[in-house]
Amino acid sequence: MNIHKSWVPYLEQEFNKPYFDILKKHITQEYKQHQCYPPGKDILNAFEYCHFNATKVVIIGQDPYHGPGQANGLCFSVSDGIPHPPSLVNIFKELEQDTGKPYPVSGNLEPWAKQGVLLLNATLTVRAHQAGSHQKMGWETFTDQVIKTISENKEGVIFLLWGGFAKKKSSLINNSKHHVFTSGHPSPLSANRGYWFGNKHFSKVNEKLLALGKAPINW
């Protein structure tokens, strides 16, 4: 499991806590006994591609995709050549409507991560075809601490909280020094009810970044 060295001073203590040791044993066993996603080497990709010092936007997802070849360690993202899951389709449709950019060919959001967008799932692993199967094993304790760490140690970070689950994380964020944008979830259930489309989060993020004197994201 890879993690960029910039995160180590902030997360090393977490990795050494008893709950994380128990979590690692659980996950190791799960990967031995079942097909799980993402591949082991990709579990911490969010922290490999998006460096702590560069983090300026945080998008919070729930769990990795649980279909073959989909999850790549970045929330909502799939690797090159993989068909786009419904939530990602709606993310890209909103991106297209909001910014005028053409609908992306690849569903790999690694370029976003490399520009300072932390694509963080609350749970970082899942058993194949069983959504939510690795919830309540300890991942949420870890990822909540990641959100708190960013909130406490950085300023002017933009958090995108999409859907009810992500919105609950707002209590971990210091709203007086960070910026929180909320909307419905991009899943078809929420999007088709009018809770996703038209949120214009992509252009709003870039407007805010420019106002903060930071480079916009090339979505």
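Let's start with Trp112, which touches Ile59, Ile91, Phe92, Leu95, Val117, Leu119, Phe202, Asn218 and Trp219, leaving aside residues up to four places away in sequence. Keep in mind that this is a predicted model.

Trp112 also belongs to the largest nonpolar core, which has 55 residues. Trp112 is among the members with the most contacts inside that core, together with Phe47, Ile59, Leu118 and Phe142. Ile59 thus appears twice here: as a residue touched by Trp112 and as one of the well-connected core members.

Now to a polar residue. Ser77 sits in the loop that runs between strand 2 (57-61) and helix 4 (86-99). Is Ser77 buried or exposed? Ser77 is buried, because its relative accessible area is 0%, and buried means under 20%. Leaving aside residues up to four places away in sequence, Ser77 touches Tyr65, Gln70, Asn72, Gly107, Asn108 and Leu109. Two of these neighbours, Asn72 and Leu109, pair with polar atoms of the Ser77 side chain, as the table shows.

| Ser77 part | Partner | Distance |
|---|---|---|
| Side chain of Ser77 | Side chain of Asn72 | 3.0 Å |
| Polar atom of the side chain of Ser77 | Backbone nitrogen of Leu109 | 3.0 Å |

Finally, there is the open space to look at. The largest pocket has a volume of about 400 Å³. Its lining is made of 19 residues, and those nearest the centre are Gln62, Asp63, Tyr65, Ser87 and His185. By type, the lining divides into eight nonpolar, ten polar and one charged residue. Tyr65 links two parts of this tour: Tyr65 touches Ser77 and also lines the largest pocket.

Key
Residues are numbered from 1 along each chain as its sequence is written. This is a predicted model: local features need pLDDT of at least 70, side-chain atom pairs count only at pLDDT 80 or more; totals for chains, interfaces and linings use all residues. Side-chain values use heavy atoms; hydrogens and water are left out. Helices (H or I, at least four residues) and strands (E, at least two) are DSSP runs, numbered from the N terminus. Buried means under 20% relative accessible area, exposed over 50%, partly exposed in between (1.4 Å probe, protein chains only). A polar contact is a pair of N or O atoms within 3.5 Å; within protein, one must be able to donate a hydrogen and the other to accept it, and residues adjacent in sequence count only if both atoms are side-chain atoms. Contact means heavy atoms within 4.5 Å. On a 1 Å grid over the protein atoms alone, a cavity is a set of points where a 1.4 Å probe fits but cannot get out, and a pocket is an open set with protein on both sides within 12 Å along at least five of seven lines; lining residues have an atom within 4 Å of a point. Grid points are joined across faces, edges and corners, and a volume is the space filled by probe spheres set on the points. Ala, Val, Leu, Ile, Met, Phe, Trp, Tyr, Cys and Pro count as nonpolar, Asp, Glu, Lys and Arg as charged, and the others, Gly among them, as polar. A nonpolar core is a set of buried Ala, Val, Leu, Ile, Met, Phe, Trp, Tyr and Cys residues joined through side-chain atoms within 4.5 Å.
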